[in-house]
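Subject: A structure for you to look at

Hi,

Here is the structure I promised to pass on. Have a look at it first, then read my notes underneath.

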Amino acid sequence: MNKTVICPGSFDPVTLGHLDVIKRSSKMFDHVIVAVLINSAKSPSFSIEERIELLEKVTDGLKNVEIVSFEGLLAEYCKERGVDAIVKGLRAVSDFEYEFQMAITNKKLNPQLETIFLMADADSMYLSSSMVREVASMGGDISNFVPPCVHDRIVERINNSKR
Ligand code: PNS
C-alpha cells in the first residue's frame with residue numbers, strides 16, 4: 001500500500017535529531033513530505049527560503065523525500081495532500097503532553113489522520129533547535145548538533161555579524 005507521511009516543524013534550523021526522524025521515515029514509508037511551517041506570528045532565525053534550502057541539502061539523496069512549506073492548519077494541509085500520518089520524534093516525557101494534545105486535535109480536525117511517534121535516537125534525545133541557536137549565539141561548538149552545512153551556515157552568519 002502506498003503510504004504518505006508528513007514530518008512537520010519549524011526547522012529553525014534543522015538538527016541531527018530532525019534528520020534522524022526524516023531518514024527513518026523515508027525507510028518506512030513510500031513518500032515523506034517534510035513541511036516547514038510559515039508562522040507569521042514568530043520571527044524565526046532563518047528565513048523560510050533558507051530553512052527549505054538547508055533541508056533540501058541535508059536530505060539530498062533521499063529519493064522519496066519532498067520539502068515544502070505550508071501555512072495554516074496542518075490537518076487541512078494533510079487533507080489537501082492525501083497524507084496518511086504525521087510522524088513526530090519524541091525526545092522525552094516532557095514532549096509528551098504537548099505532542100499528545102496536538103495529535104488529538106489533529107485527529108479531531110481530520111479523523112483519517114494518524115500521528116506516529118518515533119523515539120528519538122539516543123544521540124538526539126537532548127537536541128532542540130532553540131538550544132542550537134542559544135549555544136551558537138554564545139560562540140559554542142554546535143558541530144555535534146547539526147549537519148555540517150547547517151553548522152557552516154550558522155558560523156558564516158556569526159562571522160558576518162561581527163564585521
Ligand atoms: O518544530 P515545532 O515548532 O515544534 O513544530 C510545531 C508544528 C509546526 C508541528 C505545529 O505548530 C503545527 O502543526 N502548526 C500548524 C498549525 C496547526 O495545525 N495548529 C494546530 C495543531 S494542534
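Below is what turned up, going helix by helix and then through the charged pairs. Bear in mind that this is a predicted model.

**Helix α4**

Let's begin with α4, which runs over residues 93-109. How far apart are its end C-alpha atoms? They are 25 Å apart, and this agrees with expectation because 17 residues at 1.5 Å a residue should span 24 Å. The helix does have a bend of about 25 degrees, placed at E99.

Which residues of α4 are buried? Among them are D95, E99, A103 and N106. Three elements are included in what covers the buried residues of α4: α3 (74-81), β4 (85-90) and β5 (114-119).

There is also a nonpolar side to the story. F96, F100 and I104 make a surface patch of about 280 Å² that is nonpolar. F96 belongs to α4, and its relative accessibility is 40%, so it counts as partly exposed. As background, an α-helix has 3.6 residues a turn, so residues three or four places apart point the same way.

**Salt bridges**

How many salt bridges does the structure hold? The count is twelve. A few are worth clicking on.

- K88 and E99: the closest N and O atoms of this salt bridge are 2.9 Å apart. The pair links distant parts of the chain, with K88 in strand β4 and E99 in helix α4, eleven residues apart. Both partners are on the buried list: K88 has 14% relative accessibility, so it counts as buried, and E99 is buried with a relative accessible area of 10%. Recall that E99 is also where α4 bends.

- D20 and R24: their side chains meet in a salt bridge at 2.8 Å, N to O. Both residues lie in helix α1 (residues 16-28), four residues apart, which is about one turn of the helix. Buried or partly exposed? D20 is buried, with a relative accessible area of 18%, whereas R24 counts as partly exposed at 27% relative accessibility.

- D95 and R91: here the closest N and O atoms of the salt bridge are 3.0 Å apart. D95 is buried at 11% relative accessible area, while R91, at 30% relative accessibility, counts as partly exposed.

Beyond these pairs, salt bridges that share partners join E50, E53, K57, R153 and R157 into one network.

**A look at E50**

From that network, pick out E50. It sits in helix α2 (residues 48-58). Why does E50 count as buried? Its relative accessible area is 18%, and the cut-off for buried is under 20%. Which residues does E50 touch once its neighbours within four places in sequence are left aside? Those contacts are R153 and R157, and both also appear in the salt-bridge network.

**And R163**

Finally, go to the segment after α6 (148-162), where you will find R163. Is R163 buried or exposed? R163 counts as exposed because its relative accessibility is 79%, and exposed means over 50%. If you want a distance to try in your viewer, take R163 and N39: they are 124 residues apart along the chain, and their C-alpha atoms are separated by 30 Å.

That's the tour. Shout if anything here is unclear.

Cheers

Note on methods
Residues numbered from 1 in each chain as written. Predicted model: local features only at pLDDT ≥ 70, side-chain atom pairs only at ≥ 80, totals over all residues. Heavy atoms only, no water. Helix = DSSP H or I, 4+ residues; strand = E, 2+ residues; numbered from the N terminus. Expected span 1.5 Å × (residues − 1). Bend = angle between axes of the 7 residues up to and from the residue. Buried < 20%, exposed > 50% of the residue type's maximum accessible area, 1.4 Å probe, protein only. Contact = heavy atoms within 4.5 Å. Patch = residues over 30% accessible without salt bridge, like charges linked within 9 Å, V, L, I, M, F, W, Y side chains within 5 Å. Areas by Shrake-Rupley, 256 points an atom, 1.4 Å probe, with all protein chains shown as cover. Salt bridge = Lys/Arg side-chain N within 4 Å of Asp/Glu carboxyl O.
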